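I opened the model today to look up a few individual residues before turning to the overall fold. The entries below follow the order in which I worked.

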Amino acid sequence: MTTPASATPANPVTGRPEWRALQDHCEQIKGRHLREWFADDAGRGERFSASAVGWYLDYSKQRIDQHALDLLLVLARASGLEQRIAAMFRGDAINTTENRAVLHTALRAPAGTPLVVAGHDLTPEIQAVLSRMQRFAECVRSGRWLGYTGKPIRNVINIGIGGSDLGPVMAYQALRHFSAREINFRFVSNVDGSDFIEATRDLDPAETLFIVCSKTFTTIETLSNARAARDWCVQALGDSAAVSRHFVAVSTNAEAVTQFGIDPDHRFGFWDWVGGRYSLTSAIGLSTLIAIGAEPFAALLAGFHAMDEHFRSAAWPQNLPVLIGLIGLWNSNFLAAETQAILPYDQYLLRFPAYLQQLTMESLGKSVTLDGQPVNYATGPIYWGEPGTNGQHSFYQLLHQGTRLVACDFIGFCRSLNPLGDQHQWLMANLFAQSEALAFGKSAAQVLAEATPPALVPHRVFPGNRPSSTLLAEALSPQSLGALVAMYEHSVFVQGAILNINCFDQWGVELGKALASRIAAELSAPAEVAAIDAHDSSTAALIRRYRQWR
């Protein structure tokens, strides 16, 4: 895709008149407190909100006014966001460093929706893989898929890393309420052997199915764990032929899968235009499909697709991904918030913050523009978080009274999937209270009015003016989860388009992996060798100490 002329090195992002207008306006309003904004505008809470696809977004507690939002929308248009959205859905090679299209949205489009790229309709291939996944999942769920000894599968272990792990484990945890309870689901990602050992310690190999997820089937961590799984299975069942009944693969590398011992008919393929962190709705989601079944999985895809279409067609002032992306840009680049807390008030979303960490930090963690020029602006905050009231008794102290500005996204549901007394009411009361406390705080006058000893007043003051958004849905469901994930996916795309960076490559993970391959050979050497002297003195000393203690 052609880079807009106004984003060339001669006129960088921060040189745009639209960017400078935002800087000037930020200087004018950054001293204003949310208390003032709400006092001056009785309807702010309703006006600074939007809803779509079952989600309600309240961003009235962000430190932003209508003029700032208008300027952000102008910046987005001047940055070519509209053209970039169209290019992504059209199948242009917008991943310029790898010359690839970015078509994860095609994976959740309904059957019969044509998508012609380079003269080829991708939809039949996508639907064919999905149909195979559905048939296989039903075979496992019904007990018709038998292991090598004739036992049905009772344990499914997903082996992957990055998006091949974070997506499936997040989705399983989020949708566990809808899962098949007669099957155990576990996830192995870390190359640390403890991860595999603890995942399999209490399982019967004769009842265990491994799903090995690796696009290239060359990822060191995944293959190390897959080999450990193969050895565990073959040793227990006494025949390498057992691999064909206890392993399936999700990969584009048919030859490597076959060499591993997996039946070619048990490989589920996908495409190079599916990035790992966007792959949940590809065959990478096979474990999710087995867990929840075909109908809920279809609802998950429908939620994704509905948000895709909303992003693609809704007017920007009411477009949830656009609003979230613009607010994120405002907080990180103009208010200098270095981190973004994701605070889901639902235990099922335990792994959602970790999922968003990869989605956002791998996508926005770039220091050069699309044309390779160094940036002079923040390209993405650090994402982190913890579910519900647990975080309140952990890091909320820093959110309320610390010296760092942390932007927050609260996520909640109006109806519990597991109603238990008045616990959900208390959960949601805490969510609303925390967003209110962060926004408005408590002044010294209020503290004194409570008859607080003067010496303690400074310790009990809450400055407030801490920005947050709240996302509400009726209940956590496959459809609402799909829409939520897609909402954040597209919000990242919005920021990347304005910042003129490539959201879809991840070269930053390569250097450490390449060095690790070299060091691994040195760690296994039987004695000191001169080769380690090629390292810096710190790394060489660590290698020597490891050899002494191993």
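**Entry 1: I94**

I looked up I94 first and found it buried, because its relative accessible area is 8% and the cut-off for buried is under 20%. I note here that the model is a predicted one. I then located I94 in the loop that runs between α5 (81–90) and β3 (116–117). I also checked its distance to N502: the two residues are 408 residues apart along the chain, and their C-alpha atoms are separated by 8.0 Å.

**Entry 2: A445 and T219**

Is A445 buried or exposed? I found A445 exposed, since its relative accessible area is 55% and exposed means over 50%. I placed A445 in helix α19, which covers residues 444–449. From A445 to N99 I read 60 Å, C-alpha to C-alpha, for a sequence separation of 346 residues.

I next turned to T219, which sits in the loop between β7 (208–213) and α9 (220–237). Leaving aside residues up to four places away in sequence, I found that T219 touches I161 and S214. The C-alpha atoms of T219 and A101 are separated by 22 Å, with their positions 118 residues apart along the chain.

**Entry 3: Backbone angles**

I searched for positive phi values outside glycine, given that most residues other than glycine have a negative phi. V53 has a positive phi of about 50 degrees and is not a glycine. I located V53 in the loop between β1 (49–52) and β2 (55–58). V53 is partly exposed, with a relative accessible area of 27%.

N465 also came up, with a positive phi near 65 degrees. I found N465 in the loop between α20 (457–460) and β13 (468–473). With a relative accessible area of 10%, N465 is buried.

**Entry 4: Nonpolar cores**

Which residues have the most contacts inside the largest nonpolar core? I recorded W55, W330, F352, I411 and Y488, in a core of 128 residues. Helix α21 (residues 478–499) supplies the largest share of this core, namely 13 residues. I examined F352 further: with residues up to four places away in sequence not counted, F352 touches M170, I342, I411, L484, V485 and Y488. Apart from this core I found another, of 24 residues, with A199, F210, F247 and A249 among them. I add as background that nonpolar side chains tend to be buried together in soluble globular proteins.

**Entry 5: The whole chain**

I counted 23 helices and 13 strands in the chain. The radius of gyration is 25 Å, close to the 24 Å that the globule rule gives for 550 residues, so I consider the chain as compact as a globular protein of that length. Along the principal axes, the C-alpha atoms fill a box of roughly 75 × 60 × 60 Å.

Of the 550 residues, 52% are buried. Among contacts with a separation of 6 or more, 74% join residues 24 or more positions apart. The accessible surface is about 23200 Å², and carbon and sulfur atoms account for 54% of that surface.

Last, I tallied the charges: there are 44 positive and 51 negative side chains. The centres of the two sets lie 2 Å apart.

Methods: Residues are numbered from 1 along each chain as its sequence is written. This is a predicted model: local features need pLDDT of at least 70, side-chain atom pairs count only at pLDDT 80 or more; totals for chains, interfaces and linings use all residues. Side-chain values use heavy atoms; hydrogens and water are left out. Helices (H or I, at least four residues) and strands (E, at least two) are DSSP runs, numbered from the N terminus. The radius of gyration is taken over C-alpha atoms; the globule rule is 2.2 Å times the number of residues to the power 0.38. Buried means under 20% relative accessible area, exposed over 50%, partly exposed in between (1.4 Å probe, protein chains only). Contact means heavy atoms within 4.5 Å. Accessible areas come from the Shrake-Rupley method with a 1.4 Å probe; for residues, only the protein chains shown count as cover. Lys and Arg count as positive and Asp and Glu as negative; His and the chain ends are not counted. The place of a charge is taken as NZ of Lys, CZ of Arg, CG of Asp or CD of Glu. A nonpolar core is a set of buried Ala, Val, Leu, Ile, Met, Phe, Trp, Tyr and Cys residues joined through side-chain atoms within 4.5 Å.
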